[in-house]
Amino acid sequence: MLTDLDDKVRLFEIPSELRSSDVTLHIECRLVNFHKLRGDLRELHHGLVEFYDYVLPNMGKPFLRKLLRNAHLNSVVLLMSESDAIAMRRVKAMEQEEAALENSAEVSPASAEDHEVENDDEEEDEDGDDDDYESLVGENLGPDEPVSVKERIIAAATWEYVKNPWQRKLLQVTLIGVRLRYQTLRLGSKLLQAILKPELVGPL
């Protein structure tokens with residue numbers, strides 16, 4: 001069981017700044033155990049469930065909620081700052097506008113009416129989807145809307161010790177994920193390297 005989780009964050013050696021879409025992201029690294037939900041851990045637990053449900057959609061939220069509460073599981077979560085999350089909202093809004101302009105230019109006058117009908121159907125489907133992840137991470141939020149923890153999460157890994165027939169301890173990576181936009185930053189590799197450090201997880 002890990003102790004002094006906050007003191008061990010420094011051992012991850014994750015860069016405090018990352019560059020994405022012309023935005024410099026200021027990274028906060030959290031090392032947590034969700035067995036006892038206290039203080040801001042409730043919101044972080046909820047955000048991490050939403051995150052893993054997006055990157056690992058076959059597992060389901062009920063299973064993830066229960067799994068992360070396991071006393072033997074520990075998680076490291078990388079979060080951008082609130083100001084960076086707002087900046088990324090602006091980036092996404094500009095990308096959506098550019099994509100919309102490109103799409104409208106490709107639609108011929110003859111097919112414009114059919115295209116409009118299709119868009120209306122798509123909008124109705126989107127409005128009825130309360131679990132749409134992109135709406136949770138700022139895709140449809142304005143710059144003045146409050147920033148949630150789940151919007152700030154960009155990568156995470158969860159691990160545990162498991163025993164085997166030879167009575168040796170093995171470190172098992174149970175969950176790991178990186179949001180698609182940030183996968184070129186090699187965050188998954190950095191997280192794996194970090195959780196294999198004996199100073200962090202203890203000797204095997």
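The following exercises, with worked solutions, concern the predicted model shown above.

Residues are numbered from 1 along each chain as its sequence is written, and side-chain values use heavy atoms, with hydrogens and water left out. Because the model is predicted, local features need pLDDT of at least 70 and side-chain atom pairs count only at pLDDT 80 or more, whereas totals for chains, interfaces and linings use all residues.

**Exercise 1. Describe the overall make-up of the protein chain.**

Step 1. The protein chain holds nine helices and five strands. Helices (H or I, at least four residues) and strands (E, at least two) are DSSP runs, numbered from the N terminus.

Step 2. Along the sequence the pattern reads α-β-β-α-α-β-α-α-α-α-β-β-α-α.

Step 3. Of the 204 residues, 41% count as buried; buried means under 20% relative accessible area, exposed over 50% and partly exposed in between, with a 1.4 Å probe and protein chains only.

Step 4. Among contacts (heavy atoms within 4.5 Å) between residues at least 6 apart in sequence, 70% join residues at least 24 apart.

**Exercise 2. Determine the strand order of the sheet and the helices that lie on it.**

Step 1. The five strands form an open, antiparallel sheet in the order S1-S2-S3-S4-S5. Two strands pair if DSSP finds at least two bridges between them.

Step 2. S1 (17–20) and S5 (169–178) are the edge strands, each pairing on one side only.

Step 3. From one strand to the next, the twist averages 25°. Axes are lines fitted to C-alpha atoms, for helices over the stretch in contact, and angles run from 0 to 180 degrees between N-to-C directions.

Step 4. H2 packs on the sheet, where it touches S2 (23–32), S3 (74–80), S4 and S5, and its direction makes about 95° with that of S4. Helix H3 (residues 61–68) lies across S3, S4 and S5 and runs at about 135° to S5.

**Exercise 3. Check the length of helix H2 and list its buried residues.**

Step 1. The expected span is 1.5 Å times one less than the number of residues. For the 15 residues of H2 (residues 41–55) this gives 21 Å, and the end C-alpha atoms are 21 Å apart, so the two values agree.

Step 2. The buried residues of H2 are Leu41, Leu44, His45, Gly47, Leu48, Val49, Glu50, Phe51 and Tyr52.

**Exercise 4. Characterise the surroundings of Glu160.**

Step 1. Glu160 is found in strand S4 (residues 153–163). Nine bridges join S4 to S5, and Glu160 stands opposite Gln172 in S5.

Step 2. Is Glu160 buried or exposed? Glu160 is buried, because its relative accessible area is 15%.

Step 3. The side chains of Glu160 and Thr174 are joined by a polar contact of 3.2 Å. A polar contact is a pair of N or O atoms within 3.5 Å; within protein, one must be able to donate a hydrogen and the other to accept it, and residues adjacent in sequence count only if both atoms are side-chain atoms.

Step 4. Beyond neighbours within four places in sequence, Glu160 is in contact with His72, Leu73, Leu170, Leu171, Gln172 and Thr174.

**Exercise 5. Identify the central members of the largest nonpolar core.**

Step 1. A nonpolar core is a set of buried Ala, Val, Leu, Ile, Met, Phe, Trp, Tyr and Cys residues joined through side-chain atoms within 4.5 Å.

Step 2. Of the 25 residues in the largest core, Val76, Leu78, Ile154, Tyr182 and Leu187 touch the most other members. S2 gives the most to this core, with five residues.
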